[in-house]
Every structure is written in C-alpha cells, then in structure tokens.
Amino acid sequence: MLSYSWSYVTPGIPDEMFERLPGIPMTPREIRLLLLSYLRLESNSVLWDIGAGTGTISVEAGLLCAQGQVIAIERDEDVASLIRRNCDRFGVTNVEVIEGIAPDCLKDLARSPQRVCIGGGRSIKAILLEVWQHLPVSGRVVATAASLEGLYQVSESFAELQVRNVEVVQLAVNRLEKRGISQVFTATDPIFVLSGEKL
C-alpha cells in the first residue's frame with residue numbers, strides 16, 4: 001500500500017492521493033476546504049464525520065486536530081475499511097471508524113462532539129435531531145445538500161432546532177482538465193453547504 005506524507009499545516013490534500021472505490025463518493029478538495037473552514041476546528045476538537053465516504057474529511061480533520069479525535073461513521077463495511085486505509089496512508093491515528101447506520105448508532109458513541117459534519121443522506125432530518133441532543137452549547141454543525149430536496153430538509157431542520165448564526169453557501173467548482181490536445185474547464189456537481197451553531 002502506498003504511504004503519503006502531508007507535511008503542510010494547510011489542508012488540501014490532492015484528490016488523487018486518496019485511495020478510492022468505484023461508486024463511493026469523495027468530497028473534492030475545493031469543497032473539502034470549504035467544509036473544514038466552516039467546521040472551525042480546534043487542535044483538541046472532537047468531530048463526528050457522519051457519512052464519511054472515502055474518509056477525506058476525517059483524514060484532513062485528523063491531521064488538523066492532533067490532540068482531538070475524529071469519529072468517522074459509515075454504514076458499509078467495505079467503505080469503512082477504505083477509510084481506515086486512507087488514514088493509514090497519511091499516518092492519521094486519531095480517527096475511529098464506526099460501522100453503523102445514523103442516526104441509530106449515534107446514541108452509543110462514547111464521546112460527544114464539539115463539531116459535526118454530515119454528508120447528506122436520506123435520514124438527514126433524523127440525523128440532525130439526534131446530533132442536536134449530543135452537541136454542547138457553542139458546538140457547530142456543517143451539513144451538505146446536493147439536491148433541492150436535501151437543501152429543504154436541512155433548512156427546515158435548522159429552523160426547527162433553532163440553529164443560530166446560520167450560513168448557506170452554494171459552491172460550484174470548475175477544474176482545468178486535459179482532453180486530447182485541448183485543455184477545458186470541467187464542472188463538478190454544485191453543492192450546498194449549510195452551517196450553524198447551538199447557542
């Protein structure tokens with residue numbers, strides 16, 4: 001297995017440095033940078049990464065929070081193994097991978113979070129409701145939505161839970177790619193990022 005070192009203090013590991021599985025979503029670097037900035041992590045933060053996918057957020061957060069802990073939650077056994085391999089790839093030792101289905105598995109987690117990152121999902125409203133029970137005052141939640149329905153569900157949940165200092169950003173990224181002898185800009189799928197605090 002390849003082993004990489006990311007010796008920079010800034011996040012932004014190139015996508016191609018992560019191991020991937022076909023069909024498993026990965027948060028592209030540009031979106032990952034935005035999510036990490038909205039999480040406002042501290043060196044000792046405890047982060048729940050719900051729907052961790054390839055594990056890119058978990059790896060980057062693990063590197064940023066050297067005295068903290070990241071709990072990566074993923075329902076699929078093969079994907080959970082992928083997250084562990086990506087952590088090993090970058091020497092990240094403070095990520096615990098939990099195989100389980102949110103929101104049900106959240107009740108059993110030993111450590112409450114100061115920060116939560118939610119990568120969408122069909123049960124987003126139930127997940128947000130359960131997260132809110134564990135999040136302390138001044139805790140932050142960041143959620144993504146790739147569809148209008150997802151945006152509506154997160155927005156409605158934020159209103160019902162009285163999330164404060166809400167920020168919503170719609171991000172569309174174009175990357176320069178080589179196509180034959182030409183270089184063209186290719187768009188990634190646009191995504192909404194919603195964040196806020198429990199006050």
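1. A good place to start is the largest nonpolar core, which has 31 residues; Ile13, Leu35, Leu47, Val59, Phe90 and Val95 touch the most other members. Please keep in mind as you look around that this is a predicted model. Several elements each supply at least two residues of this core: helix 1, helix 2 and helix 3 (77-89), together with strand 2, strand 3 (95-99) and strand 9 (191-197). Helix 1 gives the most, with 6 residues.

2. Apart from that core lies another one, made of 26 residues, with Ile71, Ala102, Leu135 and Val141 among them. It is worth colouring the two cores separately on your screen.

3. Ile13, one of the residues that touch the most other members of the largest core, deserves a closer look. Once neighbours within four places in sequence are left aside, Ile13 is in contact with Trp6, Phe18, Arg29, Arg32, Val59, Glu60, Leu63 and Phe90. Of these partners, Val59 and Phe90 are also listed with Ile13 among the core residues that touch the most other members.

4. Next, compare two acidic residues in the segment before helix 1. Asp15 lies in this segment, and Glu16 has its place there too. Are they buried or exposed? Asp15 counts as buried because its relative accessible area is 10%, under the 20% cut-off. Glu16 counts as exposed because its relative accessible area is 64%, over the 50% cut-off.

5. What does Asp15 touch? Not counting residues up to four places away in sequence, the list is Met26, Thr27, Pro28, Arg29, Arg32 and Arg175. With Arg32 there is a polar contact between the two side chains, at 2.6 Å. As for Glu16, its C-alpha is 34 Å from that of Glu130, and the two residues are 114 apart in sequence.

6. The largest pocket holds about 1,100 Å³ of space. It is lined by 44 residues, and the closest to its centre are Pro25, Met26, Thr27, Gly51 and Gly119. Two or more lining residues come from each of helix 1 (29-39), helix 2 (56-64), strand 1 (46-50), strand 2 (69-74), strand 4 (115-118), strand 5 (140-145), strand 7 (174-179) and strand 8 (182-187). By type, the lining divides into 21 nonpolar, 13 polar and 10 charged residues. Met26 and Thr27 may look familiar, as both are touched by Asp15.

7. Helix 4 spans residues 124-134, and its buried residues are Ile124, Ile127, Leu128, Glu130, Val131, Trp132 and His134. These buried residues pack against strand 1, strand 4, strand 5, helix 5 (148-161) and strand 9.

8. Strand 9 also contains Glu197. This glutamate is buried, with a relative accessible area of 14%. Its side chain makes a polar contact with the side chain of Arg140, at 2.9 Å. Setting aside residues up to four places away in sequence, Glu197 touches Arg40, Trp132, Gly139, Arg140, Val163, Arg164 and Asn165. Trp132 in that list is one of the buried residues of helix 4.

9. Last, turn to Ile98 in strand 3. Ile98 is classed as buried because its relative accessible area of 19% is under the 20% cut-off. Beyond its neighbours within four places in sequence, Ile98 is in contact with Ile71, Ala72, Ile73, Glu74 and Leu109; of these, Ile71 belongs to the core of 26 residues. From Ile98 to Leu21 the separation is 77 residues in sequence and 18 Å in space, C-alpha to C-alpha.

Definitions and conventions: Residues are numbered from 1 along each chain as its sequence is written. This is a predicted model: local features need pLDDT of at least 70, side-chain atom pairs count only at pLDDT 80 or more; totals for chains, interfaces and linings use all residues. Side-chain values use heavy atoms; hydrogens and water are left out. On a 1 Å grid over the protein atoms alone, a cavity is a set of points where a 1.4 Å probe fits but cannot get out, and a pocket is an open set with protein on both sides within 12 Å along at least five of seven lines; lining residues have an atom within 4 Å of a point. Grid points are joined across faces, edges and corners, and a volume is the space filled by probe spheres set on the points. Helices (H or I, at least four residues) and strands (E, at least two) are DSSP runs, numbered from the N terminus. Ala, Val, Leu, Ile, Met, Phe, Trp, Tyr, Cys and Pro count as nonpolar, Asp, Glu, Lys and Arg as charged, and the others, Gly among them, as polar. A nonpolar core is a set of buried Ala, Val, Leu, Ile, Met, Phe, Trp, Tyr and Cys residues joined through side-chain atoms within 4.5 Å. Buried means under 20% relative accessible area, exposed over 50%, partly exposed in between (1.4 Å probe, protein chains only). Contact means heavy atoms within 4.5 Å. A polar contact is a pair of N or O atoms within 3.5 Å; within protein, one must be able to donate a hydrogen and the other to accept it, and residues adjacent in sequence count only if both atoms are side-chain atoms.
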